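Colleague: Before we go through this model together, could you explain the words you use as we meet them, and show how each conclusion follows?

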Amino acid sequence: MSEKNPYFPHLFSPIQVGSKTIKNRIEAAPAMFAFMHYIDGTAFNYHLPTPPRAYKMLELKAAGGAGSVALGELSPNHEYDKRFPFEPYIDYTSRTDEVFEITKKTAEMIKSYGALPIGELLSCGEIKTNIGDGINPKGPSEKDLPDGITHVDAFTKEEILDLYQDYVTACKWFRDAGWEGVMIHCGHGWLPAQFLSPAFNKRTDEYGGSFENRARFTVDLLKTVREAMGDDFLIEIRVSSDEHIPNGMVLEDAVKYCKLCEPYIDMIHVSCGHYLSSSRSWEFTTAYAPHGANIENAAVIKQNVHVPVTVVGGINSPEMAEEAIAAGKVDMVSMGRQFFADPAFPNKAASGHADEIRRCLRCGRCYPGPAGEHETEKWTVKFPPLDSCTINPDGVWPASFHEVLPEDMPKPQGSRKVLIVGGGCGGMQAALTAVERGHQVILCEKSDALGGLINFTDHTDHKIDIRNFKDLLVRDVNKSGAEVRLNCEVTPEMIKEIAPDAVILAVGSDDLILPIKGIENAITAMDVYRNDFAGLGKSTIVLGGGLVGCEAAADYIDHGIETTIVEMKECLMPETTGLYRTAVHDFIDHHNGKYEVNAKVVEVGKDYVIAEQNGNMITLKADSVVNAMGRRAHNADDLKAAVDVPVWTIGDCVRARQIGDSVREGWLAAMEII
């Protein structure tokens, strides 16, 4: 019998799931689309991966120590479920084509690391995107969708039975390619959940009406798959424990549903939410939702079934995972975006290096979700671009900015003396990467602490994950071997004295002070944080309704301060889309925050703001005024002029942006020093 892990004994104990033994209690959840493993090219406004990149992404999860690794979102029927024009047809009857060979190779690779490979099958039903192929989506009931374009056809009974066989055919394809089982997606508003929902299902036959009838689609599907595949093929289902939408399924329904499914499955994967309301329903949690959002619901389901239960949703720490398993609330934990932030999460936790885990920020950079869910949106927005992880610049995210895999980048030809100016997140990441590549690093920071702009997170619980990341960078830099000089403002003369072989400028940004009458009466947003919100009074006006202003306003509201935002454009956070924008907006709305849009500030006093709104002048009164109009790149021309060696300018001193831009540019600059 193997010894218990000394750090997280429950998390790293094996578990029997059906006929399979999984080496630990960590599942790498299905993330992104399976078809991305087989194609490359450009579609919408993001880059699709080549097969080697997608393969590498899965390999990092398996090598990082996951007990099982799931391949995401493969359709059992391409006619019903083709959601994107670039989605290829997969022939589930073939065992000789390239797709099958890649899939087989992927399973072999996952197993080589001792992990269990699991496929995911997903039928989208009436949520099939209208891609202009002339094929209507199919759902439980006939209807016209609110877009005024799409008509949904109802599945006939014969088509339902045929679809069951499509699932069986896909399962056999996975099995023959060496995969040990499948996760059948029954949550998030996909087809099985549509049949279960009285809001979607208006049928009057044996698949509609009573709860048992509405559950029949799923139950008969699972029974058909089990009978065809036998007991040695693992069947996991993903369910929404609460859809968190009006008239949606609630926990009591989920318990009944799971009990009906239980005879035919090996594990229940508990999530929540609905695809049509990704942020609000917590299908994807953000920094404005609790960590471990589904653990308590999963515990209720576990009390009512006899198969193992795993839970997903905002879990980014081994401590939380260990506690949930030790308390008997769940049997496993499943993580999606956390494996992009740090695929070595399991190995680091198991070896006693949990403090080195880069813990997911839940920022939505890797998967921003739909453009937005706010009812007042009146502008045209596209699906936000997918991007690489904010805090893992060398990870192989499918839509990563990297033109080549990190290991294919040129190796240093020698150890260089590298001067890094600025100890914010970009400068610290550059220092870590440069040291890892064998360079001698001098990191200079003009203040008395590393962290730069993101030191403001010490003053807000909404940013606890960013604070943890900042603290991790500081710890890692201090033990990296880099020479750190605090209270050190670099001058051109100092650069000449140090005589570096390469220089990275990461000097950040300054407060944006626009030429507005009386603007000096406003407190800057950063000063508010530095002063722990002192001086705001009982009410405040925030100048600027971009992401900076709205996040600041959310913090003031959280401190009980009556807050009004003034934004000159027609909406809040116009530069931001997706899950995170919705979360911030909803927080403001639900906590009585106020805002004036289309309002151009013309005068600022210590306790008032005058703005021009739609041709009229309005006056707003409050105890204080905060300038949160953004940041302006800090000018580093004098330092550039003093450098006669290769120099890189990164992060906010290029232009004010986000943490992920600074981190990846710091990483890339260090990688280019050879």
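Modeller: Let us begin with a term: a residue is called buried when its relative accessible area is under 20%. Please keep in mind that this is a predicted model. In helix α7, which spans residues 251-261, the buried residues are L251, A254, V255, Y257, C258 and C261.

Colleague: What puts these buried residues on the same side of α7?

Modeller: They cover an arc of only 165 degrees around the axis, and therefore they lie on the same side of α7. In general, an α-helix has 3.6 residues a turn, so residues three or four places apart point the same way.

Colleague: And what covers the buried residues of α7?

Modeller: The cover includes the helices α5 (191-196), α6 (211-229) and α8 (295-303), together with the strands β12 (234-240) and β13 (267-271).

Colleague: How do you know that C360 is in no disulfide?

Modeller: A disulfide needs two cysteine sulfur atoms within 2.5 Å, whereas the nearest cysteine sulfur to that of C360 belongs to C366 and is 6.3 Å away, so by this cut-off C360 is in no disulfide. For C389, the nearest cysteine sulfur is again that of C366, at 6.4 Å, and C389 is in no disulfide either. A search of the whole structure finds zero disulfides.

Colleague: Why is C360 counted as buried?

Modeller: The relative accessibility of C360 is 10%, and since the limit for buried is under 20%, C360 counts as buried. C389, with a relative accessible area of 13%, is buried as well.

Notes
Residues numbered from 1 in each chain as written. Predicted model: local features only at pLDDT ≥ 70, side-chain atom pairs only at ≥ 80, totals over all residues. Heavy atoms only, no water. Buried < 20%, exposed > 50% of the residue type's maximum accessible area, 1.4 Å probe, protein only. Helix = DSSP H or I, 4+ residues; strand = E, 2+ residues; numbered from the N terminus. Arc of directions from axis to C-beta. Contact = heavy atoms within 4.5 Å.
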